[in-house]
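Please look through the sequence and the 3D structure below, taking your time, and then work through the exercises that come after them.

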Amino acid sequence: MLLCRILPAVFLLSASLSCASALSTPALAAGAAHDGGKARKETGRIDSGAFLRAIVAVRFEDDAEAAQAFRQALAADPGNAELLRQALVRGIMSGAPDVGALARRVNAQSASRNQVSVLALGNEAARQGRWAEALGYYHQAESDLLTHLIMPLLMAWGEQAQGHAGMAVKSLLAQDAPGLTPFYTLHAALIARAGGMESRAQELLFRAQKLMSGSDVLTARSCAAWLWQHGQREKARELLRSLEGTDPLLSLAGPGLQENIGVFPVTSAREGIARAYLLAAFILNQQGREQMHADPAGQGRLAAAQRNASAFQFNEASRLMLGFALEMDPTLVEARLMLAEIQNEEDHPEAARETLLHVPPNDPLAPVAMFRLSMFDIAAGRLDDGIALLHRLSSEAPEQAAGQAQVERVLGAALLEKKDWQGAIAAYTRAMELDRKHGSVDWALLSMRATTYYEAGDWPHARADARAALAYAPDEPSLLNFLGYSMTERHENLPEAEELLRKAHRLAPDEAAITDSLGWVRVEQGDVDGGLVLLEKAAEQIPEDPEVNYHLGEAYWRLGRRTEAVDQWNMALGLHPTPSDEGLIRAALARADMAPPVKPDEKMGDQSTQQGEKTP
């Protein structure tokens with residue numbers, strides 16, 4: 001779902017520096033060792049165990065563990081300003097209850113005071129309704145491009161909370177920030193409505209809608225709520241339906257969005273400030289993505305490592321902003337969805353899962369969170385949990401929802417992994433039926449169902465699906481390989497199988513599995529010498545594949561190179577083959593045991609053959 005458009009990269013880079021640099025693990029390590037070259041009064045011993053635990057926890061994004069470890073290290077060395085700052089940052093990210101106390105300690109030391117501490121104290125005052133104090137803290141934040149981005153929103157919502165909605169609206173509309181104008185306009189509209197300025201709210205809401213370069217969930221929901229409350233109900237419903245069309249997964253939330261159509265998503269200053277932090281998090285996250293996907297050509301390994309480190313820092317800064325957002329509004333599902341995506345992209349599915357477990361079940365976007373949670377469960381090996389969530393979504397989502405096909409697709413893959421062939425076939429079939437209702441056919445679904453039929457032992461249906469998929473994707477190497485190799489296994493029309501596999505090999509000459517398939521079909525047709533060259537190449541590429549080693553052993557056996565054949569089969573047996581492959585390998589070894597001994601003249605012939613083959 002689109003939360004905002006991407007701002008110019010130079011602006012984003014500058015905007016993130018103040019937070020990203022403070023979150024750098026190397027900077028922390030240096031600070032703990034010698035405080036960046038500055039003299040520091042030693043007030044306690046260094047708890048190296050706690051410090052190392054904190055560093056590891058930071059890298060694994062275990063914020064709760066990092067916060068606890070930093071606090072433990074800080075207890076042993078309470079004068080360490082860097083430990084204090086990091087305990088605060090990780091406390092915010094993990095939602096720790098003592099963030100305010102830590103922020104006051106940081107703020108009390110002029111040397112350690114920073115943007116994070118004053119924002120944390122401002123947020124604490126805002127949560128407690130002490131708005132004048134909150135604005136005072138926000139005013140203390142040093143001016144940089146990050147605070148330039150969010151400070152107008154924080155200040156405007158603070159003014160609205162004190163009854164100065166008109167002043168807040170005027171302030172936001174006066175901001176000279178072209179990239180942010182749509183969002184300032186939207187927040188001005190929400191502030192105007194909260195302040196009872198209905199006509200002004202209407203004007204600004206639909207101005208913001210026109211200014212947005214793409215579909216924005218907050219804008220669409222806000223405009224739909226205004227239309228609904230003012231009697232334009234069909235127009236409101238159509239607006240939300242058009243929003244669903246921008247992202248298939250949003251269609252899963254369709255019933256909830258329609259049920260809550262008359263409810264404004266932002267009705268208080270706390271919620272408005274949470275949205276401001278969410279916007280900052282999104283921008284920082286986008287810059288992190290740009291860093292990760294920057295063209296590395298000619299930059300070398302060092303530049304690539306620096307690029308990855310920079311992307312990590314942007315993600316850390318984004319997660320800090322999301323921590324602030326969830327401090328102000330723990331029910332903000334969009335913040336939890338974004339945080340979970342960052343955690344999952346950095347290979348922490350358990351942390352992502354934990355984040356989504358706190359999504360309110362009655363929120364309109366809860367089905368989207370449930371879908372993502374099911375995928376994290378599956379990735380973490382909790383197949384039963386993930387499948388249960390998908391079954392629930394499958395039963396609750398509207399049949400015409402575009403996202404329902406995606407649910408059935410993922411359910412099919414999970415059931416396939418669980419070896420529930422019939423369940424997977426049924427899920428893939430439902431997904432294809434839903435796609436057809438929307439006027440599309442996905443060859444990948446046909447391919448996945450073909451694979452499932454194959455695993456279930458239903459070759460006629462597998463073959464039919466594979467051929468149907470090839471009609472839509474005739475140049476897809478994986479499809480050509482699946483059909484050609486499956487035909488080879490059954491000795492079914494071997495010339496056609498070879499033709500399919502030759503085409504696959506032309507399209508993907510470096511794909512070892514396809515090279516193996518082509519070599520095997522040639523062996524099966526009697527061209528053992530020609531097949532052997534391909535099989536040996538495949539074995540060099542994937543030496544730990546038991547099926548490839550079995551094929552290579554079979555080629556050696558048919559050429560009379562029996563010792564090498566047995567060696568390959570024994571190797572294949574030790575590579576944990578599938579039950580069906582293991583049966584073939586054991587049968588081949590049994591055949592070798594029962595074979596008559598090789599006569600001396602045959603051994604010499606065998607050796608000369610091998611030497612001849614190895615001679616250029």
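The exercises below concern a predicted model, and each task is followed by a worked solution.

**Exercise 1. The chain as a whole**

Describe the secondary structure of the chain, the share of its residues that is buried, and the share of its contacts that comes from residues 24 or more positions apart.

Solution. Begin with the secondary structure: the chain has 33 helices and 0 strands. Next, take burial, where 52% of the 616 residues count as buried. Finally, consider contacts with a separation of 6 or more, of which 58% are between residues 24 or more positions apart.

**Exercise 2. The largest nonpolar core**

Find which residues of the largest nonpolar core touch the most other members, and explain why this core lies between domain 1 and domain 2.

Solution. The largest nonpolar core holds 168 residues, and those touching the most other members are Y138, L154, Y277 and F324. Helix α16, spanning residues 269-292, supplies the largest share of this core, namely 12 residues. Because domain 1 (47-141) and domain 2 (381-473) both give residues to the core, it lies between them. To see one member in its surroundings, set aside the neighbours of L154 within four places in sequence; L154 is then in contact with L119, L135, Y138, I273, A276 and Y277. There is also a second, separate core of 21 residues, and among its members are V528, L532, A572 and I585.

**Exercise 3. Salt bridges across the sequence and within a helix**

Compare the places in the chain of the partners in the pairs E316 with R90 and R241 with E238.

Solution. The structure holds 34 salt bridges in total. In the pair of E316 and R90, the closest N and O atoms are 2.5 Å apart. E316 lies in helix α17 (residues 300-328) and R90 in helix α5, so this salt bridge ties together parts that are 226 residues apart in sequence. Both E316 and R90 are buried. In the pair of R241 and E238, the closest N and O atoms are 3.3 Å apart. Both of these residues lie in helix α14 (residues 233-244), 3 residues apart, which is about one turn of the helix. R241 is partly exposed at 36% relative accessibility, and E238 is partly exposed at 43%. A last step is to follow shared partners, through which salt bridges join D63, R90, E316 and R319 into one network.

**Exercise 4. A charged residue without a salt bridge**

Determine where D435 lies, and how far away the nearest side chain of opposite charge is.

Solution. First, place D435 in helix α23, which covers residues 421-437. Then look for a partner: D435 is buried yet has no salt bridge, and the nearest side chain of opposite charge, that of R409, is 4.5 Å away. A salt bridge requires the nitrogen and the carboxyl oxygen to be within 4 Å. Leaving aside neighbours within four places in sequence, D435 is in contact with A405, S440, D442 and L445.

**Exercise 5. Positive phi angles in loops**

State in which loops K419 and H491 are found, and whether each is exposed or partly exposed.

Solution. K419 lies in the loop between α22 (402-417) and α23, and has a positive phi of about 65° although it is not a glycine. With 58% relative accessibility, K419 counts as exposed. H491 is in the loop between α26 (477-489) and α27 (494-507), and has a positive phi of about 55°, again without being a glycine. H491 is partly exposed, at a relative accessible area of 47%.

Key
Residues are numbered from 1 along each chain as its sequence is written. This is a predicted model: local features need pLDDT of at least 70, side-chain atom pairs count only at pLDDT 80 or more; totals for chains, interfaces and linings use all residues. Side-chain values use heavy atoms; hydrogens and water are left out. A nonpolar core is a set of buried Ala, Val, Leu, Ile, Met, Phe, Trp, Tyr and Cys residues joined through side-chain atoms within 4.5 Å. Buried means under 20% relative accessible area, exposed over 50%, partly exposed in between (1.4 Å probe, protein chains only). Helices (H or I, at least four residues) and strands (E, at least two) are DSSP runs, numbered from the N terminus. Domain bounds come from an automatic or database domain assignment. Contact means heavy atoms within 4.5 Å. Lys and Arg count as positive and Asp and Glu as negative; His and the chain ends are not counted.
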